[in-house]
Amino acid sequence: MNPPVNDYAIKDTQIRLFSLEKQTSESGEVLKKKYQHPENTIIHAYVRQLSASETSFGNATQDGSSYLFVVSRRAITSDMYIEVVTGSLKELTFQIDGPDAYELRSQEIKLYTHQIPSVTYTTIEYGSWLK
Amino acid sequence: MADQVLTTDQVKKALSVDDDFDIVELERYAKLVSSFVKQRTRYDCTKVETVHPLAIQLGELYVKQMYYNGSGDFNRNHDYTIGISSLIVDLQCIADSIKEAKVVDDLISEVPTPVTLDSAAAIVAARTAYDNLFEMDKDYVTNLSLLETYEETLLEVS
């Protein structure tokens, strides 16, 4: 049986996607927070906590993911971070462990993440939409 | 007058898509919603000042139905059939009310002015037509204050 390819999740949570880049300045090395979308924009996402069985399986394979985000398909890599803007996870930061593009025809991408303390940075930069 | 039932921004919000979503696709959805609502309910948004909330609600459900089930896969989490069919019936009633109210509005606007004793027949006809409307149809009559002014003037003249 083929898996459903367009069983879209209801994306009722707003998030921001960013990566951290090291920059050398006069005062030494500083961290730049680079958003992967323009200023004053957000990304819609579906988010849920992984179930116990999913977490146990993840632990067995040494994968510490604890939250799943689903966003519209973008070239997201595992060195990016998620900042939640609305919902019960508001203001929390998550690191992406791995994007899951299993259903290639789907227009969505699943991101397995784990929570991290909020990052410290020196400068902010806004990029264009990540395609 | 409203151009379409849903603007592209409303479509974007209904679908929870990001700001970089294809604008051409959003415009296509907005046009399809307007034609669907007009065809199925006879509610013509181009003839009203503000789009009725039920029309907006129907449009949002229809656009979700198109977007989530458009590829031919049925998604059990996105079944809006019952909502759409019940809203169609509700909006058909509203479209009928607007049509009935339009008749009364036309009668009021056809009253010969300035108001004299000769206008009495037209004013009485308009008032009778208004009184014969159902209560919910009366909400859609826009020229009622004009009719009341005519009636006051007629009393002064007679």
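**Reading two helix pairs in chain B**

Author: Start with one pair in this predicted model. The axes of helix H4 (residues 81-109) of chain B and helix H5 (residues 120-131) of chain B come within 9 Å and cross at roughly 165 degrees.

Reader: How are H4(B) and H5(B) oriented to each other?

Author: Compare the angle with a cut-off. Angles over 145 degrees count as roughly antiparallel. H4(B) and H5(B) are therefore roughly antiparallel to each other. The crossing of H4(B) past H5(B) is left-handed.

Reader: Which residues make the contact of H4(B) and H5(B)?

Author: H4(B) supplies Val103(B), Val104(B), Leu107(B) and Ile108(B). H5(B) supplies Ala125(B), Ala126(B), Ala129(B) and Tyr130(B).

Reader: How do the residues of that contact divide by class?

Author: Sort them into nonpolar, polar and charged. Here there are eight nonpolar, no polar and no charged residues.

Reader: Now the other pair. At what angle do the axes of H1 and H3 of chain B cross?

Author: Helix H1 (residues 8-15) of chain B and helix H3 (residues 53-69) of chain B cross at roughly 60 degrees. Their axes come within 9 Å. H1(B) and H3(B) are therefore oblique to each other.

Reader: Is the crossing of H1(B) past H3(B) left-handed or right-handed?

Author: H1(B) passes H3(B) in a right-handed crossing.

Reader: Which residues meet there, in H1(B) and H3(B)?

Author: From H1(B) come Val11(B), Ala14(B) and Leu15(B). They meet Glu60(B), Val63(B), Lys64(B) and Tyr67(B) of H3(B).

Reader: How many charged residues has the contact of H1(B) with H3(B)?

Author: Two are charged, five are nonpolar and none is polar.

Methods
Residues are numbered from 1 along each chain as its sequence is written. Chains are lettered from A and ligands numbered from 1 in the order in which they are written. This is a predicted model: local features need pLDDT of at least 70, side-chain atom pairs count only at pLDDT 80 or more; totals for chains, interfaces and linings use all residues. Axes are lines fitted to C-alpha atoms, for helices over the stretch in contact, and angles run from 0 to 180 degrees between N-to-C directions. Helices (H or I, at least four residues) and strands (E, at least two) are DSSP runs, numbered from the N terminus. Angles under 35 degrees count as roughly parallel, over 145 as roughly antiparallel, 65 to 115 as roughly perpendicular and the rest as oblique. A crossing is left-handed if the near helix is turned anticlockwise from the far one by less than a right angle, and right-handed if clockwise. Two residues are in contact if their C-beta atoms, placed from the backbone, lie within 7 Å. Ala, Val, Leu, Ile, Met, Phe, Trp, Tyr, Cys and Pro count as nonpolar, Asp, Glu, Lys and Arg as charged, and the others, Gly among them, as polar.
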